[in-house]
Amino acid sequence: MNETCFSRRDFLKCAGALGVLPLSTIEIAFADPQKNFTFAYISDSHIQQIRGTEFVRNWDRGLIRAVAETNLLDPKPDFVMFGGDLAQLGKKEELDHGGEILSGLKYELHCVLGEHDYYLDLGEYWSKLYGPHYYSWDHKGVHFITLNSILTYDKWIHGPWPNDMQRMVEMAGLDNPNGSPFLVGEKQRTWLQKDLEKVGKDTPVVIFSHSPIQKIYKGWNFWTEDADEIQAMLKDYKDVTVVYGHVHQIQYNQIGNISFNAVMATAWPWPYPQSYAQAESHLPKLTIPMNRADPFFERDATGWQLIDLSNGRVAMRYNLYNNTNRTVAYNPATRQPEDKMYQSSAAQIAPQIHF
Amino acid sequence: MREKAVKTMCLMLFAGIVACAHVEAESVGSQVNFESVALMNGERPQGDSTLLGLPPVPYPENNPQTPEKIALGEKLFLDSRFSTTKEVSCSTCHLPEKAFTDSPLKVSEGIKKLTGTRNSPTVLNAAYATTLFLDGRSPTLEDQALHPFVNPVEMGLKDHQPILDIVRTDPDYVSAFKTVFGKSGDAVTMTEVTQAIASFERTKVAGDSPFDRWFYGGEEDALTDAQKRGYNLFVSEGRCVSCHLIEQTQALFTDNRFHNIGVGINQIQKDVPVIAGEFLKAEATASEVDVKVLSDKRTSELGRFAVSRGFDDLGSFRTPTLRNIAVTAPYMHDGSLKTLREVVVHYNNGGVTNEGDPVNDFLSGGIRPLNLSDKQVDDLVAFLEALTSPEFAQAVKSR
C-alpha cells in the first residue's frame with residue numbers, strides 16, 4: 001500500500017487510499033482552493049425496455065446505485081456528467097425511464113450523447129430532455145467542451161435501412177461489421193475551432209465525448225475517425241484532457257499534450273463472459289466472449305467515478321463494486337496519467353488463466 | 001515420522017473417496033479452495049476435529065491449544081461475575097443448547113434486559129471466521145472477546161479491571177492461570193483472559209450433519225429426496241452457494257464477505273446521507289464504533305460501512321454459516337425474519353421481504369429475483385434443515 005503521491009493535493013487521498021471511497025474523499029490542499037473542485041461521472045447505463053413498463057432490472061439497478069452513491073458525496077461535487085448511452089435502443093420509453101432515475105441526482109447534470117441514444121431518431125428526443133448535442137461552458141477557470149463524437153457518414157445514416165430501428169440495431173452491435181466508424185464531423189469541428197479561439201492557451205481544457213477521441217480499435221468502434229484532426233486543434237493548449245465513455249472499462253493514455261481517460265459503465269463491463277446466467281441475461285452478444293472477475297455479482301466490474309480537477313488535470317477515482325477502488329491521476333513528473341497502485345509492472349495482478 | 005506418513009495417506013484416501021462418491025460436487029467445482037486441499041494433505045494441527053465437512057481449525061501461533069487452557073476458557077465463558085449485575089456471561093447470548101445463540105430472541109439482551117441491535121451470531125465454527133462480529137469489526141476471536149465486557153448494552157463494565165481483579169484473586173483462577181500461562185498477579189492481563197476464551201471457542205466446531213454424511217460421507221440415504229432437491233437448488237437456481245460456500249472437501253457455508261441483502265437498511269434509506277455523514281464526521285475509535293452500532297439501531301443498519309467506510313459496504317453484513325440454522329431462529333442480522341421459509345422467500349423476491357416493497361438502492365449485485373416455485377422454496381428449506389449437527393438434533397425436535 002506504499003503509494004507514491006504525485007502532488008501535494010494527492011496527499012490526503014494517498015493517506016486514505018485503502019480501497020474504499022469515503023464520503024469525504026477530497027480535501028483541498030492546493031495553493032488556490034478557489035480553483036479546486038470535483039465532479040462525478042456516471043456513464044453507459046443502457047436502460048433497456050423489455051416490454052411495456054418492464055425494463056432490464058440489472059441495468060436499472062446499476063444506474064440507481066450510482067445515483068444514490070453520488071448523492072452521498074461530501075464535499076459535494078460541483079456537477080455530475082452523464083457520459084452517454086443512457087438508453088439501449090434510443091427509445092422514448094428508455095430515455096424517459098433513465099431520465100427519471102437520473103432526476104434523483106441532487107446536482108446540476110450535463111449529458112453526453114451516445115450512439116445508443118442517437119441512432120433511432122438521430123437524437124431528437126434526447127435533445128428534448130437534455131438540450132444541444134454539443135456545447136461548451138466555463139467553470140472555475142476550466143473550459144469544458146462536450147462533443148457529439150458518435151456521428152458517422154451521411155451515406156451510412158441514410159443508408160439502406162428498412163426502418164429507423166434497424167439502423168439503431170446495426171449501430172448498437174459492438175463488433176457488428178455492418179456498423180460504421182464514429183465521426184465528429186466537419187460541421188462540429190468548425191464549431192470547435194471557433195469555440196477554442198476564445199480560450200487562452202494556459203486555460204485547462206476538458207473534453208467530454210462518448211467515443212474516445214483517439215483510435216484504439218476500429219473493429220469495436222473504440223474509435224473516432226477524425227480523432228487526429230481534433231487532437232491537432234488542441235495541440236497548443238497546455239492542459240488538455242479527454243474523458244470518454246463507450247468502452248465500459250478503465251483505459252488511460254497520453255498523446256502529446258492530451259491525456260485520455262475512460263470511465264466505467266453502470267450496466268455491464270466490456271469484456272465479459274456469457275457464463276452464470278441461469279436466467280435470461282440481456283447481455284449483448286459479443287462474437288468473442290471474454291473474461292470477467294465475478295459474474296455472480298451483477299455489479300461486478302461496473303462502477304462510476306469521482307473526478308478531482310484541482311490543478312487543471314484530472315484525477316479519476318473509480319468506485320468499483322466488489323473490487324478494489326482505483327485512482328488514475330495525471331503525473332506531472334512523467335506527464336501522463338498513471339494508475340496510482342498498479343502502474344509499475346511489479347504491482348500488476350496477472351490475469352486469471354484457470355477457472 | 002511414520003505416524004505422520006500414515007495419517008497423510010489416510011487423508012488423501014479420504015479426499016479420494018469424496019471425489020469419487022459425488023458427481024454433484026462437480027457443479028460447485030469452481031469453488032474449490034486449493035489452499036484447503038493442500039492443508040488437508042498436510043499434518044493436521046493438534047486438537048483438530050475430524051468432523052465430516054470441516055477443514056482443520058486454524059490456530060494462531062501465539063495461542064496454541066492445551067486441554068487446561070480450553071477448560072479455563074470455558075470457565076471464563078460461563079462466568080457471570082464479569083458483568084455489572086453479575087448476571088450476564090458470554091453464554092447468556094451464546095447458549096450451548098441453542099447452538100451457541102440466544103434463540104428465540106430477535107436481538108440479544110445484556111444487563112438489566114438492555115437490548116442491542118443485532119441477532120446473536122453463533123460461536124460454532126467461529127474458529128474459521130476471518131473477521132468477527134456481523135460487521136467484521138474485530139479481526140480475531142481473541143480481540144472479539146474484549147468488547148462485550150465493556151459494551152453498555154451487553155456486560156456493561158466501564159473497563160476490564162473488575163475482570164482482572166477476579167482472575168488475579170479467585171483461587172481457582174489463580175491456580176488455572178498459573179498452570180496454563182505460568183503467570184500470576186499483575187502478569188495476568190486481558191491477553192491471557194481472551195486467549196483462554198478464544199481457545200475454548202476454537203473447540204466449538206460443528207460438522208457431521210446429514211448433509212455432510214451424504215455429500216462427504218457418501219451415505220445415500222442420509223438426506224430425504226426433498227433435501228437432495230434442495231441441495232440442487234442451493235447450488236444452482238437458488239444462487240445460495242455463491243456466498244454460502246460448499247467446497248469439494250469442506251463446507252463452512254460462508255464466503256467471509258459482506259453483502260447488502262436488503263435487510264434493515266431500507267428502514268433508514270432516505271436518511272442514509274445524514275446518518276452516514278454524521279457517523280464519518282464523528283471519526284469514532286474502534287471501541288466507540290462497537291458501542292455505537294449496538295446501541296443505535298439506525299447506525300447499526302449502516303453495517304460494514306461503519307468499519308470500512310466504503311460505499312460498497314453500505315447496509316452489508318458478514319455472510320453467516322448455515323450450519324445448525326434450524327436451531328437458531330429468528331434470522332438475519334436484526335432477527336427480523338422468523339422462519340427459514342421467510343428467509344428463502346426474501347431471497348426469492350430479490351432481497352425484498354414483502355413482495356412489492358422497494359428494492360434497496362445499495363443492494364448487492366448478487367441478489368436478484370429467483371422465480372422459484374413454492375415447492376422449490378420448500379425444498380430449499382428442507383435442505384437447510386439437513387445442516388444440523390447430531391449434538392443439536394434434539395434441540396430441533398424440542399422446538
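Axes here are lines fitted to C-alpha atoms, for helices over the stretch in contact, and angles run from 0 to 180 degrees between N-to-C directions. This is a predicted model, so local features need pLDDT of at least 70 and side-chain atom pairs count only at pLDDT 80 or more, while totals for chains, interfaces and linings use all residues. Residues are numbered from 1 along each chain as its sequence is written, and chains are lettered from A and ligands numbered from 1 in the order in which they are written.

**View 1. Helix 6 of chain B crosses helix 7 of chain B at roughly 80°.** The axes of helix 6 (residues 161–169) and helix 7 (residues 171–181) of chain B come within 5 Å. Helices (H or I, at least four residues) and strands (E, at least two) are DSSP runs, numbered from the N terminus. The crossing makes helix 6 of chain B roughly perpendicular to helix 7 of chain B; angles under 35 degrees count as roughly parallel, over 145 as roughly antiparallel, 65 to 115 as roughly perpendicular and the rest as oblique. On the helix 6 side sit Ile166(B), Val167(B), Arg168(B) and Thr169(B), which meet Tyr173(B), Val174(B) and Phe177(B) of helix 7. Contact means that the C-beta atoms of two residues, placed from the backbone, lie within 7 Å. By class, this patch has five nonpolar, one polar and one charged residues. Ala, Val, Leu, Ile, Met, Phe, Trp, Tyr, Cys and Pro count as nonpolar, Asp, Glu, Lys and Arg as charged, and the others, Gly among them, as polar.

**View 2. Chain B meets chain A.** Here 21 residues of chain B are in contact with 24 residues of chain A. Helix 11 (residues 272–282) of chain B gives the most to chain B's side, chipping in five residues. That side splits into seven nonpolar, nine polar and five charged residues.

**View 3. Domain 1 of chain B touches domain 3 of chain B.** An automatic or database domain assignment supplies the bounds: domain 1 (1–44 + 206–264 + 315–399), domain 2 (67–201) and domain 3 (265–314). Eleven residues of domain 1 are in contact with ten of domain 3. On the domain 1 side, four are nonpolar, six polar and one charged.

**View 4. Seven strands of chain A form an open sheet.** Read across, the order is 5-4-1-12-13-14-15, with mixed pairing; two strands pair if DSSP finds at least two bridges between them. Strand 5 (109–111) and strand 15 (336–339) of chain A stand at the edges with a single partner strand each, so one side of each has no neighbour in the sheet. Direction ignored, neighbouring strands are turned by 20° against each other on average. Strand 13 (residues 315–320) and strand 14 (residues 326–331) of chain A run antiparallel, joined by four bridges, and Tyr318(A) stands opposite Arg326(A) in strand 14. Helix 2 (residues 57–70) of chain A packs on this sheet, touching strands 1, 4, 12 and 13 of chain A, and its direction makes about 170° with that of strand 1.

**View 5. Six strands of chain A make an open sheet with mixed pairing.** Their order is 6-7-8-9-11-10. Strand 6 (135–139) and strand 10 (252–255) of chain A are the edges, each with a single partner strand, so one side of each is left without a neighbour in the sheet. Four bridges join strand 10 to strand 11 (residues 258–262) of chain A in an antiparallel run, where Gln254(A) stands opposite Ser259(A).
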